[in-house]
Amino acid sequence: NPYFSSKVVWPLIMNDLTLEQCEACEGGIQPMSAAEIQQLITKIPLWLVDPDGHAIQRHFTFKSFLPTMAFVNAVAWLAHQQKHHPDMSVGYNYCTIKYTTHSINGLSENDFICAAKVDALI
């Protein structure tokens with residue numbers, strides 16, 4: 001999508017995560033293990049796992065303000081649809097998105113589903 005063209009150029013790889021829907025998580029489950037995280041991170045290769053293993057994040061850059069804000073709004077719409085909301089840091093031509101499942105203080109499959117859906121926006 002040239003409107004959202006990020007400086008990172010890579011082939012879009014659709015995977016099964018983009019077809020999934022997030023499930024409500026009110027706690028009461030364990031965060032993903034390191035092995036589960038390593039298995040799923042391969043499906044979203046441009047995302048990084050935080051050193052503590054509690055979050056994943058990706059930094060996006062854009063040509064100017066308008067494409068950045070269009071992307072941020074698209075991510076906000078996606079988050080509303082999935083009922084799973086990221087932390088975002090936004091500036092003139094960048095956006096960093098960070099996913100974690102706050103109710104379990106770690107990562108759940110929801111984080112990976114949303115990250116894959118964000119990748120599909122680009």
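1. Start with the outward side of helix H2: Ala35 and Gln39 are the exposed residues on the face turned away from its buried side. Here exposed is over 50% relative accessible area, buried is under 20%, and partly exposed is in between (1.4 Å probe, protein chains only). Helices are DSSP runs of H or I with at least four residues, strands are E runs of at least two, and both are numbered from the N terminus.

2. Keep in mind that this is a predicted model, where local features need pLDDT of at least 70, side-chain atom pairs count only at pLDDT 80 or more, and totals for chains, interfaces and linings use all residues. Residues are numbered from 1 along each chain as its sequence is written, and side-chain values use heavy atoms, with hydrogens and water left out.

3. Now the other side of H2 (residues 34-41): Ile37, Leu40 and Ile41 are its buried residues. Viewed down the helix axis they sit within an arc of 100°, so they line one face; the arc is taken from the directions from the axis to the C-beta atoms.

4. On to the largest nonpolar core (buried Ala, Val, Leu, Ile, Met, Phe, Trp, Tyr and Cys joined through side-chain atoms within 4.5 Å). It has 23 residues, and Trp47, Ile56, Phe71, Ile97, Tyr99 and Phe112 touch the most other members. H2, strand E2 (56-61), helix H3 (65-82), strand E4 (94-99) and helix H4 (109-121) each give two or more residues, with H4 giving the most, five.

5. Have a look at Trp47 too: leaving aside neighbours within four places in sequence, its contacts (heavy atoms within 4.5 Å) include Ile41, Ile97, Tyr99 and Val118.
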